[in-house]
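Here are my notes on the model you sent, set out as numbered points so that each can be checked against the coordinates on your screen.

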Amino acid sequence: MFADFPLLSLIIWLPVIGGVGVLLNGDNNPWARPLSLLISVLTLLAALGLYIGFDTTTHQMQFVEMAPWISSYNINYYLGIDGFSLPLIILTAFSTVIVVIAGWQVIEHRTSQYMAAFLIMEGLMIAVFAALDAILFYVFFEAMLIPLFLVIGIWGGPNRVYATIKFFLYTLFGSVFLLLALLYLHHVAGSFSILDYQQVSLSLQEQTWLFFAFLIAFAVKVPMWPVHTWLPDAHVEAPTGGSVILAAITLKIGGYGLLRFALPIAPDASMAMDYFVISLSLIAVVYIGFVALVQSDLKKLIAYSSIAHMGFVTLGFFIVFRIFAQSATGSGAVLAVEGAMIQMISHGFIAAAMFLCVGVLYDRMHTREIAAYGGVVNTMPVFAGFAVFFAMANAGLPGTSGFVGEFMVILAAFQANFWFAFLAATTLILGAAYTLWMVKRVIFGEVANDNVAQLTDINNREFIMLASLALIVLVIGLYPAPITEVMHASVEHLLTQVSQSKL
Amino acid sequence: MMTQSLLLTIALAPLLGSIIAGLLGKQVGKVGAHRVAIAGVGISFALSVWVLKLVAIDGESYNQQVYQWLQAGSLSLEVGFMVDALTAMMMVVVTFVSLMVHIYTIGYMHDDEGYARFFSYISLFTFSMLMLVMANNFMQLFFGWEAVGLVSYLLIGFWYKKPTAIYANLKAFLVNRVGDFGFLLGIAGVLMYAGSLDYVEVFAQAPTIAGQTMSIFSGYDWSVMSVICILLFIGAMGKSAQVPLHVWLPDSMEGPTPISALIHAATMVTAGIFMVTRMSPMFEFSETALSFVLVIGAITALFMGFLGLIQNDIKRVVAYSTLSQLGYMTVALGASAYAAGVFHLMTHAFFKALLFLGAGSVIIAMHHEQDIRKMGGLKKYMPITYWTGLIGSLALIGFPGFAGFFSKDSIIEAVHASDIAGSGFAYFSVVIGVFITALYSFRLFFMVFHGKERFDTHGGHAPHESPAVVTVPLILLAIPSVIAGFLIGNMVFGDFFGSSIFVLPQHDVLAHHAENYHGIMGFVWHGLQALPFWLAISGVATAYYLYMMKPDIPARLQQRFQLLYRVLENKYGFDDFNQKVFAGGSRFIGQMLWRVGDRVIIDGAVVNGTARMVGLASRLMRHVQSGYLYHYAFAMILGVLLLLTFFVA
């Protein structure tokens, strides 16, 4: 019935145009907040429409839209989604609603601009996940950074300029290689369609160059060790909403890029380099786990925890070659890729919730130092309940979404190599250690000082925000099947692509 | 008939109680909270008894999926229930002890401001434990396994203002996670070699897996089954507090006493014993793993008992006794006498819960004083606590006729008959352990209930017996502490467990005893003539002599054997070692990686180094942009000359 309705365009442009509208209405407009909320909720509803209309039986792109954009170069406005992009788009739409609610009272100056930045960013990020034309992808991929820089640069902390520049240089460094790779592929494939890119035959040498270009571009975003040091700085300086989007969505673009470009376009190089990526992933899990343990700043601790959790994503993607080599049956490889995808989505919710919890504390105490807290449960019991719940989810407790992805990837890693699973499973100990030690120092104990004694518990707005995240984390943990179901066909297709040599 | 709705009701009733008491605690009030929680657990208990009847008498069993949790390729992970004799017995034990503890809590936690929260937690625990024992697959087992760990964490740290409590709960969680680390790898191994996580499918493939080898260190081929079973058992070592992962259990006594009884004595800590028994179709195919289990159990049984001798905190004595008894159960598993191990699990659940709740009753009377040196002579003030405590202690030391006698004796006999590696040491440990158990149990008993009154009367008020909500559970637990042993004919030597426990014929140490078993009286008569009985009696006598007749001897022994005493007092140094090496070491590694790895090398040299290089280059380049026309002209001429040389020459 709605077969020709441009739903994807609606989901992309509604928040962008809406954001511009909010911006143009001036800064003291009392309607800025409710209007932003309305736009973000409508976008979320439309994104859920994608889920309802999604056909889980095919790996073909769905909701495809195609229109010439710059016809002289054969560049098209070419959109479509599959089982990888759909969950990430819904995650983006949901996170934006949360960010709007989170900034409701907290952002006191330039509110309209703040809300507009997030709405525009939402549209651009969804476009990244939906773009099927390489140039279109690249434009959105770069454009979405602009609002993020502005958010950190304007509403950020005291050291925001250093953080923004570091972030900018890191990502720019990666993007240059990405652009070169995309242009080279156009030269080979004769079109800018990403799907065509995935079809072309390439020599191992070509694949290796392309693989490293993609790896550099996306590893910075994930971020993988050792190109991760921008993330803690960016998080520390970003306002709460910026941290939420950074953790929930921006990092996922890195994982999505590896899945969409590196693996299917350069499968032979990916296979040749898999030990390299696996090593970096395992270093991220173990090394970063130890680093997180000794952080004294709440946001830095969670930022490092994000890096360790994203290690499972890259690990899951790249162990498939070893699993193929070990056994003929493919369920281990499916487990690895779907586990990595679930890990991305789950991390989106849990990391967002963790940053929001820090935001709740920061709004009241204006410090992120762990040592400044202690005994928060005495004055904020409801908040403490949420904090302990999300901490447990972060530590991968079964029954929460944090468990599902790690569990699947560890099960799969065992089939690739015992030691991969061994090192990955150390997260059970390290993740619990850094998260719960933080909980012990911040939440439990006697009231540590007068500032803690004067804390007031969360209000209704904060309650709704945290409760809705808690509900989702719980539901995914208890029943992840609906999410993996939309991915099956795409995962099978990807595994076919990566198991066929292009040489 | 066993139906899905029946089993779902059993599992979910406590969860519902927990949710209402936890989230609506303010609305329903204190009485409402305990009513709804007790109703939930009560329903579970009644229906569990019904299930046991269906299994034991009508011979039914159940194994069905409830829903599909996840599908990945051809692999289906499900949530489902499997109920056989082993499960049914565990369900009854768990719900019965839980119900007793729920009732007892009304009295014990009466004035606590976290009253509703406490009920919410213990009901949540009951749900988690039921999910664990009723699982029909490894994934759900792991869910229950970690969920009980979560509740244990919440309850040890229940009094979150106490620094020792929040230290102990973090320690408990992390030590358990070390066990779970092994457990999860074991599950991953099961999936890799069996291609499924469903019990029935995995067990069916066990004989095939047993022949395979894997190479973890290149050049060494290890039996797959041994690797998997030892990894799974590491999980059991965490949860069931076996050396060296036992360190969390004594500290867990920081939590309120009812949960020490329920979680840290009767049920959760026996999850490891249950798990290994459930996996008997796998463990049977690896003698290496069984030997490992046997030796670890024997070390725990003997050496943790010694520690009980010098503790002065009433709860800690009972806690070390729990460690030692868990060692006995583990020894039974290692000797392939699973039925005896689980039988001891059951009797121990009753008499240990009784002892802990009795200790709690004493603690109430003593106004939360836990040092047994400040008690004494309580017999006349607390008759019910006294007599039930005596029953519990006699059951613990294995006095003939009491429940513990039957279960412990069958373990000792089974180890005696076993001939796998380590069984000689294990037999020695469990026999010596009998003397030690009797000694520390009756040291405690005499020092609390007999002798001089050493307590502070708090302004002339004499201690008095606890209220009925406390004493009724004591009496109800004292009954099975006596009579549960009579089930030995069915459970250990009979076919109660049927197909739920698998033993290879060459390991079947209980079969021989089954032939010689001629009823309870014969077993008791045989027990009266055997070595363990006389060791137990001499333990009690020694305790009486040392702590009632000549109380100065222990002090002199302490002087004489200072080094030994220091070793025991430091608990063999495990805590110090963990604190320095693992906790301290991890923080040191973290600091090094962060300060040197991230800051100096990556940020300092590479990232900011790049920025500095760019800065340096631009400073150099700036000199080129001097603004003087003749500089530019000179540069242009130089360039033209270079190009000419390149292209023409």
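How many helices and how many strands make up the secondary structure of chain B?

1. In this model, which is predicted, the secondary structure of chain B amounts to 27 helices and four strands.

2. As for overall dimensions and packing, the C-alpha trace of chain B extends over about 115 × 65 × 60 Å along its principal axes, and 56% of the 649 residues of chain B count as buried. When contacts in chain B between residues at least 6 apart in sequence are considered, 80% of them join residues at least 24 apart.

3. Two of the strands deserve a look of their own: strand β1(B), residues 62-72, and strand β2(B), residues 75-83, pair in the antiparallel sense over nine bridges. Within this pairing B:Leu70 stands opposite B:Leu77 in β2(B), and in the hairpin, which has two residues between the strands, B:Gly73 adopts a positive phi near 60°.

4. Turning to the contact between the chains, 44 residues come from chain B and 43 residues from chain A. On the side of chain B that touches chain A, at least two residues each are supplied by β1, α5 (138-156), α6 (163-194) and α26 (574-624) of chain B, with α6(B) giving the largest share, 15 residues. By residue class, this side of chain B divides into 27 nonpolar, ten polar and seven charged residues.

5. Points 3 and 4 meet at one element, since strand β1(B) pairs with β2(B) in the hairpin and also supplies at least two residues to the side of chain B that touches chain A.

Notes. Residues numbered from 1 in each chain as written. Chains lettered and ligands numbered in written order. Predicted model: local features only at pLDDT ≥ 70, side-chain atom pairs only at ≥ 80, totals over all residues. Pairing = 2+ DSSP bridges. Contact = placed C-beta atoms within 7 Å. Nonpolar A, V, L, I, M, F, W, Y, C, P; charged D, E, K, R; others polar. Buried ≥ 20, exposed ≤ 12 C-beta atoms within 10 Å, placed from the backbone.
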